[in-house]
Amino acid sequence: MRIGVFLVAAGFPGREPGQVLRDTVEAVVAAERAGFDDAWIAEHHFMSYGVCPSAATLAGVALGRTTRIGLGTAVSVLSTRHPVDLAEQAAILDRVSEGRFTLGVGRGGPWVDLEVFGTGLERFERGFPESLDLLCEALSKDTVSADGEFFGFRKVPMVPAARLRPVVACTSPRTVALAAERGLPMLLGMHIGDEDKAALLRGYEEVAAAPVPGARANGAPRVSASSRDRDRDASFRPAPPRHVAAAVGHVADTTEQAVRELREAMPRWLEPGLAGYVPVDGRSRPARDVPGYVDFLCRTHPVGSPGRCVEMIERTAAATGLRHLILLVEGAGDRARTLENIGRLGAEVLPRIRGRARQARAGTTPG
């Protein structure tokens, strides 16, 4: 079982964004010390929900402060970026960290970012498959070119060249099919429970097992010719996808205390933070019941005593088959409590999860 931390760089009221970013890097350092496998940094623009506008940049800072822990982006928003530019940044981080970096990408939303960065609503609504294929090409070849609807340019060398597979944030069957057709691992969000995660994983396997590459399951587009060529390339042998799922992770002496702390703190962040998602075209957004959402997170995620956290992680693994979870550890809203939470999860939860996994592999019964 692989366990990481998920850092949104949450802009709780009263916290200055620059200090939040510094604290996020300190949280990665603490996670390495506590024994976590990796740390994943979120990217948001023009809002307090998350105050990191470049997950790759902050991951680079954190890589420079650490020696062992993996760093990932969860996620870099592909609809507002040029895929080759993002691939170049990923290649730098991969090379200088000697393989500790993972690029996570997502489609993003119909937000004002599209207007500010000039990529537009059309690319968000129709261009994600082309963007993802171009990104994969740039991350797997020594040269790259494009002749599509949204991108067109002559062949250029990738310097430095990389051999990376991005992880794709998936929230709908259409995006699941897109990832499955390309053999890319998924990142599943913390907003859905185990049953919904398991359904998306089943959908992925159904598309991946389809006899014709690029079958139009769930309306997803076919794999591009460049992706098919890559799949036939003997030098590119991707391992089976290792999916990742996000969850809240918060430990206290008792489950009641852990739940109380998040119920008190998280709405102060979520209420103004979620209001920062401004649609570029004025479309309406469904209202979010923030206290109800926090209750859902506390009820279904590893929130509670150390024993309760272990139980919930193992329950998710059993229900979904997932073997890689990343835990949002900032829910209490201040630096000291975040670092304490990371330390306690590392000391009181991770060893029990890993001990039971070792016992299971050895065929013994956990005590």
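Colleague: Where in helix α13 does a kink lie, and how many degrees does the kink come to?

Modeller: In this predicted model, the kink in α13 is at Val349, shortly before the proline Pro351, and comes to about 35 degrees.

Colleague: What span does α13 reach from its first C-alpha to its last, and what span is expected?

Modeller: Helix α13 covers residues 335–362, which is 28 residues, and its span is 39 Å, close to the 40 Å expected at 1.5 Å a residue.

Colleague: What makes you say that Asp334 caps α13?

Modeller: A side-chain oxygen of Asp334 lies 3.2 Å from the backbone nitrogen of Ala336, at the N-terminal end of the helix; a polar contact requires N or O atoms within 3.5 Å, so this pair falls inside the cut-off. After α13 comes Gly363, whose phi is positive, near 80 degrees.

Colleague: Which residues of α13 are buried, and what covers them?

Modeller: Among the buried residues of α13 are Arg337, Asn341, Leu345, Val349 and Ile353, and the elements that cover the buried residues include β1 (2–7), α1 (17–34), α10 (255–274) and α12 (306–320).

Colleague: Why is His45 called buried?

Modeller: His45 has a relative accessible area of 10%, and the word buried applies under 20%, so His45 meets the condition. The residue sits in the loop between β2 (38–41) and α2 (55–65), and, leaving aside residues up to four places away in sequence, His45 touches Pro53, Asp113 and Phe117.

Colleague: How do you know that the side chains of His45 and Glu43 form a polar contact?

Modeller: The contact between these two side chains is 3.3 Å, and the cut-off asks for N or O atoms within 3.5 Å, so the value satisfies it.

Colleague: What makes β7 and β8 a pair of strands?

Modeller: Four bridges join β7 (residues 143–147) to β8, while a pair needs at least two, so the condition is fulfilled. The two strands run antiparallel and form a hairpin with four residues between them, in which Asp147 stands opposite Gly152. As for cover, the count of buried residues among the six residues of β8 (residues 152–157) is zero.

Colleague: Why is the protein said to be as compact as a globular protein of its length?

Modeller: The secondary structure comes to 13 helices and 14 strands. The radius of gyration is 20 Å, close to the 21 Å that the globule rule gives for 367 residues, so the protein is as compact as a globular protein of that length. Of those 367 residues, 55% count as buried.

Key: Residues are numbered from 1 along each chain as its sequence is written. This is a predicted model: local features need pLDDT of at least 70, side-chain atom pairs count only at pLDDT 80 or more; totals for chains, interfaces and linings use all residues. Side-chain values use heavy atoms; hydrogens and water are left out. Buried means under 20% relative accessible area, exposed over 50%, partly exposed in between (1.4 Å probe, protein chains only). The expected span of a helix is 1.5 Å times one less than its number of residues. The bend at a residue is the angle between axes fitted to the seven residues ending there and the seven starting there. Contact means heavy atoms within 4.5 Å. A polar contact is a pair of N or O atoms within 3.5 Å; within protein, one must be able to donate a hydrogen and the other to accept it, and residues adjacent in sequence count only if both atoms are side-chain atoms. The radius of gyration is taken over C-alpha atoms; the globule rule is 2.2 Å times the number of residues to the power 0.38.
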